[in-house]
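Hi,

Here is the structure we talked about, ready for you to open. My notes on it follow below.

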2 protein chains.
Amino acid sequence: MRNTVQRRVILDELRQLTTHPTADELYELVRRRIPAISLATVYRNLELLSEEGVIRRLWRAGTRRRYDGDARDHYHIRCTSCGRVDDIPASTPGTRLFGYLLKPSGYEVAACYVEFTGVCPACRARRSGGAPVAASSSSAP
Amino acid sequence: MRNTVQRRVILDELRQLTTHPTADELYELVRRRIPAISLATVYRNLELLSEEGVIRRLWRAGTRRRYDGDARDHYHIRCTSCGRVDDIPASTPGTRLFGYLLKPSGYEVAACYVEFTGVCPACRARRSGGAPVAASSSSAP
DNA sequence: ATAAGTGCAAACGTTTTGCCCTAGC
DNA sequence: GCTAGGGCAAAACGTTTGCACTTAT
């Protein structure tokens, strides 16, 4: 992975934000530093960086994808009214997850969605059998 | 909410599946019973039914939205290779979540994504202040 | 020198919408 | 009869891609 100006600035801008921007929100910011950058470059870099595990992709099918410059373990809470996404720190000896949710987050918590990712039995068989699968959509977030 | 033929068939077909179909997968099935139905109707109904809490919308499932006819509490596991989504039963006295994940699911589990949904502080204030918010995107999944 | 990366514009697939008509209440 | 809901086609939307050019290695 080459160290291009565009990539450096995209990552730098993303890491300065705690707002989990969409590709074009980030594009607007990056454009202030590299006016000639294209939206496609932002998309390509966000995709590549999340595949490499440098950043995280917050999937939401059908709407806009959001990205998180912090790849460390933590949760997210999304406002069902305006769509913003905030961080919820992972439980540690110092912070209790549900305690945080109830008070400091300020959110009125409505629901919790849990999704595991992995490799299904059929794909595991196919994989060990030899022929690789035509990967349809995504890598693990 | 009126009890139309289309709505009845869409819900019925969805409930017969455990495969969490996309809108157009369901459309193909429904079309066998109502050949003249339009894809837009399927979309409109899936959206309405999930807003009403009758079915569930699986936001994170790849690029295409997937729907679940079972609105009861359970989790999902998505294959990062082929995109299929399976159910993981919620922990009950009889089934242990992690026990299930490790064995009967057959999946090689890679990661777990947790997202809460709720109403953010700003929207709560706006809401109690009176003026309703121009809801941007969604209801809780 | 060479291949990864970029910019541009056009293409893509999914979802939403406006319009007028149909049918449930 | 009134209105939510349907069908159709077109638009909108976020994202991806082909191509020729650039640039980091």
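**Contacts with DNA strand D**

A backbone N or O atom of Arg65(A) lies 2.9 Å from a phosphate oxygen of DNA strand D. Please keep in mind that this is a predicted model. Next to Arg65(A) in your viewer you can look up Arg64(A), which has a polar side-chain atom 3.3 Å from a phosphate oxygen of DNA strand D. From chain B, the side chain of Thr4(B) places an N or O atom 2.8 Å from a phosphate oxygen of this strand.

Stepping back, 20 residues surround DNA strand D, and Thr4(B) is among the closest, along with Tyr43(A), Arg2(B), Gln6(B) and Thr41(B). By type, the residues of this surface are six nonpolar, seven polar and seven charged. Helix H3 (39-51) of chain A, helix H1 (5-16) of chain B and helix H3 (39-51) of chain B each supply at least two of the residues. H3(B) gives the most, with four. On the DNA side, 67% of the strand D atoms within 4 Å of the protein belong to sugar or phosphate, and the rest to bases.

**The two domains of chain A**

Chain A is assigned a domain 1 (5-66) and a domain 2 (72-128). Seven residues of domain 1 are in contact with eight of domain 2. The area buried between them is about 610 Å², with carbon and sulfur atoms giving 45% of it. On the domain 1 side, His20(A), Arg56(A) and Arg60(A) lose the most area, together 66% of what that side buries. What holds for polar pairs here? There are four residue pairs in polar contact across this interface, and zero salt bridges.

Best wishes

Note on methods: Residues are numbered from 1 along each chain as its sequence is written. Chains are lettered from A and ligands numbered from 1 in the order in which they are written. This is a predicted model: local features need pLDDT of at least 70, side-chain atom pairs count only at pLDDT 80 or more; totals for chains, interfaces and linings use all residues. Side-chain values use heavy atoms; hydrogens and water are left out. A residue is near a molecule or strand if one of its heavy atoms lies within 4 Å of it. A polar contact is a pair of N or O atoms within 3.5 Å; within protein, one must be able to donate a hydrogen and the other to accept it, and residues adjacent in sequence count only if both atoms are side-chain atoms. Ala, Val, Leu, Ile, Met, Phe, Trp, Tyr, Cys and Pro count as nonpolar, Asp, Glu, Lys and Arg as charged, and the others, Gly among them, as polar. Domain bounds come from an automatic or database domain assignment. Contact means heavy atoms within 4.5 Å. Buried area is the accessible area (1.4 Å probe) that two parts lose on being put together, summed over both. A salt bridge is a side-chain nitrogen of Lys or Arg within 4 Å of a carboxyl oxygen of Asp or Glu.
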